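This briefing introduces a structure to a reader who has not seen it before. Please look over the sequence and the model first, then read the points below.

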Amino acid sequence: MEAVESHIERESVNAEWALKVVSDRLLDVYAKIKDDYLRERGSDVEDVVERLLFALSGERTERPQLMEDTVIVAEELLPSTVAELDFGRIRAIATDSGGWTSHTAIIARGLGIPAVVGLRDFYRQARTGDEIIVDAGRGEIVLHPTVRSAHGYRSAHGRKHELSTAFVPVEAQASAHEPLVTVDGVEIILRANLELPPEYAGIDRFGARGVGLFRTEFMLSQRDSMPLEEEQYQAYLKVAQLGGADGAILRLFDLGGDKGAPAGFEPERNPALGLRGIRFCLRHEELFRTQVRAVLRAGAQARVSAVVPMVSDVTDMRRARALFDEERARLTADKVSVGRVRLGAMIEVPAAVMLAAELAREVDFLSLGTNDLVQYLLAVDRDNDQVSDWFRSLHPAVLQSVRKTISAAVAAAIPIVVCGEMAASPAYALILIGLGARELSMSAASIPRVRRMVKGIDELTAAAIADDCLKQATADDVEELVRVRLGSHWPELFPPKSLPAARAKAAAVVAHIGGEV
């Protein structure tokens, strides 16, 4: 900002031009950085600059106008852009960057929208109006398909303009809301991960047992200031009420890293290892206190739990709990109704795994975030397609960390919810159950296929397979073991092409590219 102001004063130009000149210089610096991770952060700068230019224009913010049956093709889709899209018109998403657990892929699965990410150089080859086939099941894109190819895909999936959500298996019948048990009688609870309002309907539709993870930072995606306490209170109350008797677990602001930071905060050189999650909240205490007050107020009207992200030390939890106690006392003194809010720790960095037993004694529950756990444990950026081959959810170190964390929760007699994308894949979910997980949280659209798997397996065999997985030395060995054992025990649930735990499945669609986002 200082450079922009200086340029205005020195050159006597308007703010928009000064911003463009200064940002071009900054982007040139980013482009010359040798480190891939840091160089790609230039897109964050571009996102901020575009929004500043739009704000300076004085125009009102409107959603991009999309045609019916649109496929979004982009180099990168930032969370702020995704939140503004009209999901009623989007049939599929294709991006050059990202991986299976990138934010865009997670949102797409949550909405039942087919997505292929990590295409690297597809954006430059496509043009608005091109016909395209997005086969998310195979992770393939067909640009300018022949009449025969297009007809084949359309025939395979019914009528031409079928809604993308229809490709997600649906259990509209009453069984979707019945208690879920394995063949040998072990109850498994499936909860929903939520972020954007279009996902809310999936809770009832797919029979979710409440909300296992609500990403509260979505409230920052379409604004340039922090939401007020009342606005947060209303949003949290609505989500908790959607969860009914099972309520909702609200993840406190997980800002920084791939989530970005609110407007007005300085970008970091290495945000993934910077002021992220609880670190950001404790550094900006007033912002955190506002959120805590909203959560406590919502807890007076519905069943609410709060989970602290990016915990790496018991001190993080003690400081967070102290703030909750202080704000509870203030609200009570002001005669404002507050409820009992359970407080949990998100286990997603190696330090938290090592201290799982100590953390379990400090909290009411644990949440195991496998997306970031795999990223930090294996030192693999989950948004970087260049290293996607090293992102292995069945890596022995990951499985040992899951077992250690679950064992810590069991020993402390507290609940634990596994809420990463591992839970959304039937084969991965089976291994998690074998490792002792009893509560899984995933995108609501993923619940039917996981439910079907749970009803067809026995926990005893799953546990034996998981134990054998823990004895393997490499991720390749584990994946081969899973492929063979699951295919032999339950071939009707795990056909060969689905193993080992093939990534997010969605049907292909035929549509037109509807805008270069």
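In which loop does alanine 413 lie? Alanine 413 lies in the loop between helix 16 (396–411) and strand 12 (416–418). The model is predicted, and the points below cover loop residues, paired strands, buried strand residues and a surface patch.

**Loop residues with positive phi**

- Most residues other than glycine have a negative phi.
- Alanine 413 is not a glycine, yet its phi is positive, at about 60°.
- Because its relative accessibility is 70% and exposed means over 50%, alanine 413 counts as exposed.
- Histidine 144 is not a glycine either, and its phi is positive at about 55°.
- The loop that holds histidine 144 runs between strand 5 (140–143) and helix 7 (147–156).

**Strands 7, 8 and 9**

- Strand 7 (residues 211–215) and strand 8 run parallel and are joined by three bridges.
- Phenylalanine 214 has leucine 250 in strand 8 as its bridge partner.
- Strand 8 also pairs with strand 9 in the parallel sense, over four bridges.
- On that side, leucine 250 stands opposite alanine 306 in strand 9.
- In a regular strand the side chains alternate between the two faces of the sheet.
- Strand 8 (residues 248–251) has Ala248 and Leu250 pointing one way, with Ile249 and Arg251 pointing the other way.
- All of these strand 8 residues are buried.

**Serine 305**

- Serine 305 belongs to strand 9 (residues 304–308).
- Its relative accessibility is 3%, and buried means under 20%, so serine 305 counts as buried.
- Leaving aside residues up to four places away in sequence, serine 305 touches Ala248, Ile249 and Leu250.
- The other residues touched by serine 305 are Val341, Arg342 and Phe365.

**Threonine 70**

- Threonine 70 is part of strand 1 (residues 70–74).
- With a relative accessibility of 0%, threonine 70 counts as buried.
- From C-alpha to C-alpha, threonine 70 and isoleucine 132 are 9.8 Å apart in space, while in sequence they are 62 residues apart.

**A nonpolar surface patch**

- Met1, Val48 and Leu52 form a nonpolar patch on the surface.
- Together, Met1, Val48 and Leu52 have about 290 Å² of accessible area.
- Methionine 1 sits in the segment before helix 1 (2–11).
- The relative accessible area of methionine 1 is 66%, so this residue is exposed.

How values were computed:
Residues are numbered from 1 along each chain as its sequence is written. This is a predicted model: local features need pLDDT of at least 70, side-chain atom pairs count only at pLDDT 80 or more; totals for chains, interfaces and linings use all residues. Side-chain values use heavy atoms; hydrogens and water are left out. Helices (H or I, at least four residues) and strands (E, at least two) are DSSP runs, numbered from the N terminus. Buried means under 20% relative accessible area, exposed over 50%, partly exposed in between (1.4 Å probe, protein chains only). Contact means heavy atoms within 4.5 Å. Patches are made of residues with over 30% relative accessible area and no salt bridge: like charges are joined within 9 Å, nonpolar side chains (Val, Leu, Ile, Met, Phe, Trp, Tyr) within 5 Å. Accessible areas come from the Shrake-Rupley method with a 1.4 Å probe; for residues, only the protein chains shown count as cover. A salt bridge is a side-chain nitrogen of Lys or Arg within 4 Å of a carboxyl oxygen of Asp or Glu. Two strands pair if DSSP finds at least two bridges between them.
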